[in-house]
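Biologist: Could you walk me through this one? I'd like to start with the aromatic residues and then move on to other things.

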Amino acid sequence: MPELPEVEALRDFLTEHLAGRRVARLLPVAVSVLKTYDPPPGAVEGAGVTAVRRHGKFLDIETDGGLHLVVHLARAGWLQWRDRLPDGPPRPGKGPLALRVALETGEGFDLTEAGTQKRLAVYVVRDPAEVPGIARLGPDPLAGDFTEDRFAALLRGERRQLKGALRDQSLIAGVGNAYSDEILHAARMSPFKRAASLTPEETHQLYAALRGTLGEAVERARGVAAGRLKAEKKGGLRVHGRTGEPCPVCGDTIREVSFSDSSLQYCPTCQTGGKPLADRRLSRLLK
């Protein structure tokens, strides 16, 4: 799933390739992709792109007609830029293509989604706040006003485990499964530690890991072409997706806890005092 660093890199990429150009056609291919119908998707055709912004994991393409084309790539969605789009409209089928945006220059991009669970979402709105997922977003962790005091206030009284709290988009915007693992590894904390139990020193440690991990990932992704961002992300991860490999910090074996539709990875030596985490149904350390 694209998270804050990859979406920020896509924002940079699209700013360079879209700003000042006009949308010729908006071509939905998958029935499920469009989540709004008023204004109609064709309303952005002929409009010029004035800016590309990011709201958490959402991309917001702003036009001079006052409309916004908002995209959420979900778990298996991606953006593929084309210097020259194929002639003729795309044909609906069982392939991964969900929507095509064509520019007057002949360039454009395809939104694709792998797998059978179709969650990629596109909205045409007058205000990004009309998108429910944006309206309920928490603060951006890389914003200048996201201070340590503000972070501490968010966690105060938060009874959930750190892994779940970090992934809650209404608490903090943009962090998903992969970077929550990376942040907790950098902070040397168990994913099952209760957020409200953090001492001031631990809160400082987690805040530094949050800002540092995301900031470094954004810098690694900056300037990387859209088609190479997935590989760049995978190459920069230290524990997520690396079950069975040695921890790059201590050399212990990276472990995994599996859930029904996801999993987390962690290092026992760095994060849980050397003890492997229990079965997902117990969600506590083995005794």
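Modeller: Phe146, Phe151 and Tyr207 form one aromatic cluster, and please keep in mind throughout that this is a predicted model.

Biologist: How many aromatic pairs are there?

Modeller: The count comes to four aromatic pairs. One of them is Phe13 with Trp81, where the ring centres are 5.9 Å apart and the planes stand at 80 degrees, so the pair is edge-to-face. That pair links distant parts of the chain, since Phe13 sits in helix α1 (residues 4–18) and Trp81 in strand β5 (residues 77–82), 68 residues apart.

Biologist: Are Phe13 and Trp81 buried or exposed?

Modeller: Phe13 is buried, with a relative accessible area of 12%, and Trp81 also counts as buried, at 16% relative accessibility.

Biologist: Back to the cluster, then: what is the geometry between Phe151 and Tyr207?

Modeller: Phe151 and Tyr207 form a tilted pair, with 5.9 Å from centre to centre and 40 degrees between the planes. This pair, too, links distant parts of the chain, with Phe151 in helix α3 (residues 148–155) and Tyr207 in helix α6 (residues 200–221), 56 residues apart. Both Phe151 and Tyr207 are buried.

Biologist: Switching topic, how many disulfides turn up?

Modeller: A search of the whole structure finds zero disulfides.

Biologist: Why is Cys247 not bonded to Cys267?

Modeller: The closest cysteine sulfur to that of Cys247 belongs to Cys267 and is 3.7 Å away, which is too far for a bond, because a disulfide requires the two sulfur atoms to be within 2.5 Å. Cys270 is in no disulfide either, and its nearest cysteine sulfur, again that of Cys267, is 3.7 Å away. Cys247 is buried at a relative accessible area of 4%, and Cys270 is buried at 5%.

Biologist: And strand β3, why is it largely enclosed?

Modeller: Strand β3 (residues 58–63) has five of its six residues buried, so the rest of the structure largely encloses it.

Biologist: Which strands does β3 pair with, and in what sense?

Modeller: With strand β2 (residues 49–55), β3 pairs in the antiparallel sense over six bridges, and the bridge partner of Val49 in β3 is Thr63. With strand β4 (residues 68–72), β3 pairs in the antiparallel sense over five bridges, and there Ile61 stands opposite Leu69.

Biologist: What about the turns on either side?

Modeller: β2 and β3 form a hairpin with two residues between them, and Gly56 in that turn has a positive phi of about 60 degrees. The hairpin of β3 and β4 has four residues between the strands, with Gly66 in the turn at a positive phi of about 85 degrees.

Terms used
Residues are numbered from 1 along each chain as its sequence is written. This is a predicted model: local features need pLDDT of at least 70, side-chain atom pairs count only at pLDDT 80 or more; totals for chains, interfaces and linings use all residues. Side-chain values use heavy atoms; hydrogens and water are left out. Buried means under 20% relative accessible area, exposed over 50%, partly exposed in between (1.4 Å probe, protein chains only). Two strands pair if DSSP finds at least two bridges between them. Rings of Phe, Tyr and Trp (its six-membered ring) pair if their centres lie within 6.5 Å; planes under 30 degrees apart count as stacked, over 60 as edge-to-face and the rest as tilted.
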